[in-house]
Amino acid sequence: MKASGFTLIELLIVAVLATMILLVASQLLLNTNKISTSSVATSGGINHVQQGANVLADDVRRALYIVAPGATPYLSTVAVGVPTSGSPAVTKAGADVLAMYTAKSVGTRCTASGEDYEYVVYYLATRSSATSGSEWSTVPADQLNASQKVLMQFSACVNVLDPATAVTSKERLRVVSDYLGAGSFVYKASATLKYRQVTISLTPSQNIPGKTVTAGAIVTIATARNIY
C-alpha cells in the first residue's frame, strides 16, 4: 500500500512551479506599474504644458508690441536661468525668448498711476536653474530631470510701450510649464513688418526610472489682435 502524502520529488516540483508562477506574476505587475507611471507622467505633463501654452497664447493675443527676434529685451536679476549668448553674455529675443508689451489683463496688479501696460517675457530655462527663488518661480528638485526645461514668465508693469524709455515696476517671475524636452517660438511679421503672429511649440518630456517619457509637441499659433 502506498503511503499517503507527497514525495520529496513531488514537493520540489510544486515548489519550482510555484516560484515560476510568482516570478511571472511579479514581472507582469512590474510592467503594469511602469505603464501606469508612464501614462501618468505623459497625461499630467501634457495637461500642464497645454495650460502653459494657453497662458502664453493669451498674452500674445493681447500684445500691443512684440519685441523683434534678435533684439535685446529688458530682463532684471529677478529672471533666473535666462538663456544667454555672446561675450559679454546677452539675452536676445528669438527661438527661446519671447518678449512683448500687452494691454492690461483682467484682474491685473498694474493699477497704480503710470502702470498703463504690462510687459511680459517668456523664456526656456533648465530645471536645475529654477530650484531657488520665490514659491512661484521654483520647481521641486528632481535629479533625474535636472537637464529638462521649464517655461518661465517674467512680467512687470510699465508706463509706456517704448522699450527704450519704459520704466518697470512690480516685477515678478513664475513657472508656467514644467518638464519640457524642447520648446521654440517662431515669429511671423505683418505686411508693415511688425511682428504679430507667434507659433509656440512645447514638447512635454519627463525622465522616470528606466526610461524617458516624451509626448508629441503641443503647437499653438497665436496672433496679436491689436498689431497690424
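Hi everyone. Let me begin with one residue, Cys157: at 1% relative accessibility, it counts as buried. Cys110 also comes out at 1% relative accessibility, so Cys110 counts as buried too. Before I go on, please keep in mind that what you see above is a predicted model.

Why start with those two cysteines? They are joined to each other by a disulfide, with 2.0 Å from S to S. The structure holds 1 disulfide, and here is where its two ends sit. Cys110 is in the loop between β2 (97–102) and β3 (117–126), while Cys157 belongs to strand β4, residues 149–158, so the pair ties together parts that are 47 residues apart in sequence. And what about its handedness? The torsion about the S-S bond of Cys110 and Cys157 is about -85°, so this disulfide is left-handed.

Now let's step back to the chain. How many helices and strands are there? We have 1 helix and 8 strands. If you read along the sequence, the helix comes ahead of the strands, in the pattern α-β-β-β-β-β-β-β-β.

The chain has 228 residues, and 36% of them count as buried. On the outside, the chain exposes about 12,500 Å², with carbon and sulfur atoms supplying 61% of that area. As for contacts, take those with a separation of 6 or more: residues 24 or more positions apart account for 64% of them.

For an example you can look up on the structure, try Leu75. You will find Leu75 in the loop between β1 (63–66) and β2. Which residues does Leu75 touch, leaving aside those up to four places away in sequence? They are Val82, Thr91, Val121 and Phe154. Two of the elements we met with the disulfide come back here, since Val121 falls within β3 (117–126) and Phe154 within β4 (residues 149–158). Leu75 and Glu171 make another pair to look at: 96 residues apart in sequence, their C-alpha atoms are 9.6 Å apart in space.

Last topic: confidence. The average pLDDT of the chain is 85, and 87% of the residues score at least 70. Where does pLDDT stay under 50? That happens over residues 35–40, and for this stretch the model has 5 contacts beyond four places in sequence. Where pLDDT is low, the predicted coordinates should not be read in detail.

That's my tour, and thanks for listening!

Key
Residues are numbered from 1 along each chain as its sequence is written. This is a predicted model: local features need pLDDT of at least 70, side-chain atom pairs count only at pLDDT 80 or more; totals for chains, interfaces and linings use all residues. Side-chain values use heavy atoms; hydrogens and water are left out. Helices (H or I, at least four residues) and strands (E, at least two) are DSSP runs, numbered from the N terminus. Buried means under 20% relative accessible area, exposed over 50%, partly exposed in between (1.4 Å probe, protein chains only). Contact means heavy atoms within 4.5 Å. Accessible areas come from the Shrake-Rupley method with a 1.4 Å probe; for residues, only the protein chains shown count as cover. A disulfide is a pair of cysteine sulfur atoms within 2.5 Å. pLDDT is the predictor's confidence in each residue, from 0 to 100.
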